[in-house]
Amino acid sequence: MSEKLKTVKVKLLKAHKHAGMQYSEGVEIDVPEHDATWLKNLNIAEEVGVTPTVSAQTTKKVEEK
């Protein structure tokens with residue numbers, strides 16, 4: 001069973017090149033969790049939010065009368 005990679009949305013505080021793409025300051029990108037930690041530790045990015053790894057199914061119960 002393969003695990004899904006947890007990603008984190010970060011906002012870049014400085015221009016940065018990630019995965020071969022150049023991004024400007026202020027851009028929000030999704031990166032693997034370990035990359036987000038690295039970017040935050042270097043003050044290159046701040047966390048915006050966490051992207052869910054598995055889509056949650058919501059079911060509504062219908063009350064029968």
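## His 16 and its neighbours

Let's start with His 16, which sits in strand β2 (residues 16-18); helices (H or I, at least four residues) and strands (E, at least two) are DSSP runs, numbered from the N terminus. This is a predicted model, where local features need pLDDT of at least 70, side-chain atom pairs count only at pLDDT 80 or more, and totals for chains, interfaces and linings use all residues. Residues are numbered from 1 along each chain as its sequence is written, and side-chain values use heavy atoms, with hydrogens and water left out.

Is His 16 buried or exposed? His 16 is buried, because its relative accessibility is 13%; buried means under 20% relative accessible area, exposed over 50%, and partly exposed in between (1.4 Å probe, protein chains only). Leaving aside residues up to four places away in sequence, His 16 touches Met 21, Gln 22, Tyr 23, Trp 38, Leu 39 and Ile 44, where contact means heavy atoms within 4.5 Å.

## Tyr 23

One of those partners, Tyr 23, belongs to strand β3 (residues 21-23). Tyr 23 has a relative accessible area of 21%, so it counts as partly exposed. Beyond four places in sequence, Tyr 23 touches Leu 12, Ala 15, His 16, His 18 and Ile 29. Take Leu 12: it is 11 residues from Tyr 23 in sequence, and their C-alpha atoms are 8.1 Å apart in space.

## The overall layout

Stepping back, the protein has one helix and five strands. Going along the sequence, you meet them in the pattern β-β-β-β-α-β. Of its 65 residues, 18% count as buried. If you take the contacts between residues at least 6 apart in sequence, 51% join residues at least 24 apart.

The protein exposes about 5,600 Å², and carbon and sulfur atoms supply 50% of that. These areas come from the Shrake-Rupley method with a 1.4 Å probe; for residues, only the protein chains shown count as cover.

## The nonpolar core

Which residues make up the largest nonpolar core? There are nine: Val 8, Val 10, Leu 12, Ile 29, Val 31, Ala 36, Leu 39, Ile 44 and Ala 45. A nonpolar core here is a set of buried Ala, Val, Leu, Ile, Met, Phe, Trp, Tyr and Cys residues joined through side-chain atoms within 4.5 Å. β1 (7-12), β4 (28-32) and α1 (33-41) each bring at least two residues to this core, and β1 gives the largest share, with three.

Leu 39 is a core member that also links back to our starting point: not counting residues up to four places away in sequence, Leu 39 touches Val 10, His 16, Val 31, Ile 44 and Ala 45.

## Strand β1 up close

In a regular strand, side chains alternate between the two faces of the sheet. You can follow that along β1: Val 8, Val 10 and Leu 12 point to one face and are buried, while Thr 7, Lys 9 and Lys 11 point to the other and are not. Val 8 is buried because its relative accessibility is 4%. The C-alpha atoms of Val 8 and His 34 are separated by 9.0 Å, though the two residues are 26 apart along the chain.

β1 also pairs with β4 in the antiparallel sense, over five bridges; two strands pair if DSSP finds at least two bridges between them. Here Thr 7 stands opposite Pro 32 in β4.

## Two salt bridges

Side chains of opposite charge can pair when their charged atoms come close. The whole structure holds two salt bridges, each a side-chain nitrogen of Lys or Arg within 4 Å of a carboxyl oxygen of Asp or Glu. Glu 33 and Lys 6 form one of them (3.7 Å, N to O). That pair links distant parts of the chain, 27 residues apart: Glu 33 is in helix α1 and Lys 6 in the segment before β1.

Glu 47 and Lys 40 also meet in a salt bridge (2.8 Å, N to O). Glu 47 is partly exposed because its relative accessibility is 39%, and Lys 40 is partly exposed because its relative accessible area is 26%.

## An unusual phi, and how far to trust the model

Most residues other than glycine have a negative phi. Asn 43 is not a glycine, yet it has a positive phi of about 60°. You'll find Asn 43 in the loop between α1 and β5 (45-51), where it counts as exposed because its relative accessibility is 54%.

As for confidence, the protein averages a pLDDT of 79, and 69% of the residues score at least 70; pLDDT is the predictor's confidence in each residue, from 0 to 100. Over residues 54-60 pLDDT stays under 50, and the model has zero contacts for them beyond four places in sequence. Where pLDDT is low, the predicted coordinates should not be read in detail.
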